[in-house]
Amino acid sequence: MHDINLVISSLRGGGAERAAVELCNGWVEQGLSVLLTTLSSGEDDDYQLDSAVKRIPLEVESESVTALSGLLTNVNRIRSLRKVLRSMPAKHVIGFSSTSNILVILASMGLKQKKLDSKGQAHKAYAQHVVVSERNYPPRSMRSQLWQQLRRHLYRFADDVVVQTQAGAEWLRNNTSAKKITVIPNSINLPISSGLPIIKTSELVPDNKRLLLAVGNMHRQKGFDLLIDAAVQSNLRSSNWLLVIAGAGDANWLQDLIKERGLDDHVVVAGRVGNIADWYDRADVFVLSSRYEGFPNVLLEAMASGCAVVSFDCMTGPADIIEHETNGLLVQAENSKALAESMNEVMSNEQLRKKMGINAALVTQQFSTDRLFANWSEVLAKDGLR
């Protein structure tokens with residue numbers, strides 16, 4: 001029997017995917033036997049697993065056009081996952097993200113019970129301990145009412161629900177049937193891993209420009225439209241600052257918005273950047289404009305790199321990381337005018353930037369990988385795995 005089977009949709013670029021890989025790699029370094037199961041085929045992975053982690057691609061990630069096709073797709077996903085849980089049993093099965101959590105609970109039903117043979121001897125259980133992990137602010141992580149109701153009623157079947165912030169935990173207590181909730185924030189793992197594509201900062205940012213950096217995928221969640229609104233209201237166009245937005249996804253809509261708002265010479269969309277650590281090092285200020293988060297890895301990475309940061313006080317994560325006016329600035333969520341004012345304050349005050357940058361780097365102590373694995377060890381120790 002394996003020690004852990006972590007289940008996630010894919011290993012395409014994203015904070016949850018990176019966290020999953022770092023956990024799996026860390027566990028095998030500790031000598032544990034680890035499986036990582038994805039709904040995807042694995043052909044478009046962006047993160048590298050340790051060779052000791054056994055990868056199981058289910059290839060059941062197809063999009064559904066109708067309600068019926070969606071039902072059939074998810075029945076197939078559950079059956080495929082259940083087959084893996086039976087054929088490659090693990091002491092701990094961990095769902096990683098809201099949809100995967102539901103699939104894990106449904107696929108593991110009936111497999112946790114040890115069946116007795118005619119002599120009263122217990123056969124081995126296929127899954128002794130089921131853990132689900134929310135990787136975003138729970139009320140914003142599911143659009144479908146059906147999936148929301150499934151989560152509400154099914155979380156009681158999980159032995160533990162892991163969430164990244166106290167605010168997320170409180171919401172789960174009030175809105176789901178979860179019996180046990182554990183808060184485990186993300187960690188910062190230095191040096192920050194690098195991959196492709198490599199985009200040199202000098203290719204996009206002239207030496208005489210100061211860099212205001214934002215990082216995230218092109219989903220509405222990341223609030224880059226709000227950031228552009230703030231840029232218009234800020235002093236960006238009359239300064240020697242350049243705003244660069246880096247992240248994967250279709251950025252055509254963002255390019256159109258930048259042109260429409262007359263910011264062509266002041267805002268650059270870099271696309272996906274594999275060497276993001278180089279960009280944190282080059283940045284003078286990092287800005288987070290998200291409408292919501294689970295626990296923003298990019299904010300933690302930027303601060304660990306010594307960036308002065310400005311962030312919306314969105315649900316959830318920034319307030320758990322930033323001490324306002326000490327290691328960064330918190331701004332009323334989705335308030336572009338307030339964001340512009342804070343951007344101006346930091347861009348115009350070098351002394352403030354230096355002070356916040358020095359203090360920001362201390363997050364490496366508060367959110368260390370040692371603490372992360374110690375927290376997860378407490379969850380896994382319930383079944384005797386240490």
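This passage describes how three pairs of helices pack in a predicted model, and then its largest cavity and second largest pocket.

Because the structure is a predicted model, local features need pLDDT of at least 70 and side-chain atom pairs count only at pLDDT 80 or more, whereas totals for chains, interfaces and linings use all residues. Residues are numbered from 1 along each chain as its sequence is written, and side-chain values use heavy atoms, with hydrogens and water left out.

Two packed helices are described by the angle between their axes and the distance between the axes. Helices are DSSP runs (H or I, at least four residues) numbered from the N terminus, and their axes are lines fitted to C-alpha atoms over the stretch in contact, with angles running from 0 to 180 degrees between N-to-C directions. Helix H12 (residues 336–347) packs on helix H13 (residues 350–360) at an angle of about 95 degrees, the axes being 6 Å apart. H12 is therefore roughly perpendicular to H13, a term that covers angles of 65 to 115 degrees, while those under 35 degrees count as roughly parallel, those over 145 as roughly antiparallel and the rest as oblique. Glu345, Val346 and Met347 of H12 make the contact with Leu352, Arg353 and Met356 of H13, where contact means heavy atoms within 4.5 Å. These residues divide into 4 nonpolar, no polar and 2 charged; here Ala, Val, Leu, Ile, Met, Phe, Trp, Tyr, Cys and Pro count as nonpolar, Asp, Glu, Lys and Arg as charged, and the others, Gly among them, as polar.

H1 and H15 pack at an angle of about 75 degrees with their axes 12 Å apart, so that H1 is roughly perpendicular to H15. On the H1 side the contact involves Glu22, Leu23, Gly26 and Trp27, and on the H15 side Leu372, Phe373, Trp376 and Leu380; by class, this contact has 6 nonpolar, 1 polar and 1 charged residues. For helix H7 (residues 224–233) and helix H8 (residues 252–260), the axes come within 11 Å and cross at roughly 15 degrees, which means that H7 is roughly parallel to H8. Phe224, Asp225 and Ile228 of H7 meet Trp253, Leu254, Leu257 and Ile258 of H8, a contact with 6 nonpolar, no polar and 1 charged residues.

Empty space was examined on a 1 Å grid over the protein atoms alone, a cavity being a set of points where a 1.4 Å probe fits but cannot get out, and a pocket an open set with protein on both sides within 12 Å along at least five of seven lines; lining residues have an atom within 4 Å of a point. By this rule there are 5 cavities of 30 Å³ or more, and about 190 Å³ of space lies in the largest cavity. This cavity is lined by 20 residues, of which Ala19, Glu22, Asn186, Ser187 and Asn297 are the closest to its centre. Helix H1 (15–29), helix H10 (297–304) and helix H15 (369–380) each supply at least two residues of this lining, and the largest share, 5 residues, comes from H1. The lining of the largest cavity has 10 nonpolar, 6 polar and 4 charged residues.

The second largest pocket holds about 160 Å³ of space. Among its 14 lining residues, Ala283, Asp284, Gly306, Ala308 and Arg353 are the closest to the centre. H13 gives the largest share of this lining, 5 residues, and the lining has 5 nonpolar, 3 polar and 6 charged residues.

Terms used
Grid points are joined across faces, edges and corners, and a volume is the space filled by probe spheres set on the points.
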